[in-house]
Amino acid sequence: MKLSESPAAKIGLSISIATGLYGISFGALSVASGLTLWQTMALSLLLFSGGSQFAFIGVVAGGGSAVAAMSASALLGIRNGVYGMQINALLRPTGWRRFAAAHVTIDESTATATGQSDPGEQKRGFWVAGLGIFILWNIMTCVGALVGAALGDPKQWGLDGAAVAAFLGLLWPRIKSFQPAAIAIVCALVTLLAVPLVPAGVPILVAAVVAGLIGWFRPTPDAGHDGDGLEPELDPYKHDVGDMPVRESGPRGHKGKEL
């Protein structure tokens, strides 16, 4: 199938444009937070994870230390490690493609790949979304950084609080049920209580520890229970053996899985 005729490639391209254009806001907010053009570009080129990047500059803008900023960014980046395991099981890249796939494994590329049932479409969707976003995100980051540098004092334009607003915009659509909403509220309260007591950047780390403890000690749900909003949304094995056709076999018409 030609790439131009691939439904997954078309989805990946549309997601690339929508997500890549958002890089302009990161570039502007990053320089407004005090980072240079080259530091901003390095974050997009090497880190390349929207949520983690916004968390980093959010802590920096709040006066937090580099260690606190990197810690907050790393905590949000854990999800990409989980995605990496899913993509490795789904696409099984080899050679240099493993390293390239690891770098462009983000929310959008993973969702595009796992939303397809055909193996070929999974690969096309993943690579088009991943590489497309990487290219456009970095271009738009540069544009935003150049524009942001010309804006002057970020407080004049309200950009000192825009990083937090942007991060909340990324987080809000993911809260789809009661338990995640309750955890988010608890962590928000913990953050507010910690702000006057600890250095800038540390409250978000305290909230992350609280969320981790809640997840660790959360009672194990009953068998068959789902819908609490904390289950994985992506299952790379959903099209494996369990979905293979059943055929009649054996002298007595015994049904078995066709492998």
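**Helix pair.** I began with handedness: helix 10 crosses helix 11 in a right-handed sense. The model I am reading is predicted. I then looked up the geometry of the pair. Helix 10 covers residues 178-194 and helix 11 residues 202-217; their axes come within 8 Å and cross at roughly 145°.

I listed the residues that make the contact. Helix 10 contributes Ile183, Val186, Cys187, Val190, Thr191 and Ala194. From helix 11 I noted Pro203, Val206, Ala207, Val210, Ala211 and Ile214. Sorted by class, the residues of this contact are eleven nonpolar, one polar and no charged.

**Core.** Next I looked for the largest nonpolar core and found 22 residues in it. Ile57 and Phe126 have the most contacts inside this core. I checked which helices supply at least two residues each: helix 2 (23-32), helix 4 (50-61), helix 5 (66-91) and helix 8 (119-149) do. Helix 5 gives the most, with six residues.

I followed Phe126 further, leaving aside its neighbours within four places in sequence. Phe126 is in contact with Ile87, Leu91, Ala101, Val104, Thr105, Ser109 and Ala113.

**Cysteines.** I searched for disulfides and counted zero. I also looked up the accessibility of two cysteines. Cys187 has 11% relative accessibility, so I entered Cys187 as buried, the cut-off being under 20%. Cys142 is at 27% and therefore goes down as partly exposed. Cys187 is also among the helix 10 residues that I listed in the contact with helix 11.

Key:
Residues are numbered from 1 along each chain as its sequence is written. This is a predicted model: local features need pLDDT of at least 70, side-chain atom pairs count only at pLDDT 80 or more; totals for chains, interfaces and linings use all residues. Side-chain values use heavy atoms; hydrogens and water are left out. Axes are lines fitted to C-alpha atoms, for helices over the stretch in contact, and angles run from 0 to 180 degrees between N-to-C directions. Helices (H or I, at least four residues) and strands (E, at least two) are DSSP runs, numbered from the N terminus. A crossing is left-handed if the near helix is turned anticlockwise from the far one by less than a right angle, and right-handed if clockwise. Contact means heavy atoms within 4.5 Å. Ala, Val, Leu, Ile, Met, Phe, Trp, Tyr, Cys and Pro count as nonpolar, Asp, Glu, Lys and Arg as charged, and the others, Gly among them, as polar. A nonpolar core is a set of buried Ala, Val, Leu, Ile, Met, Phe, Trp, Tyr and Cys residues joined through side-chain atoms within 4.5 Å. Buried means under 20% relative accessible area, exposed over 50%, partly exposed in between (1.4 Å probe, protein chains only). A disulfide is a pair of cysteine sulfur atoms within 2.5 Å.
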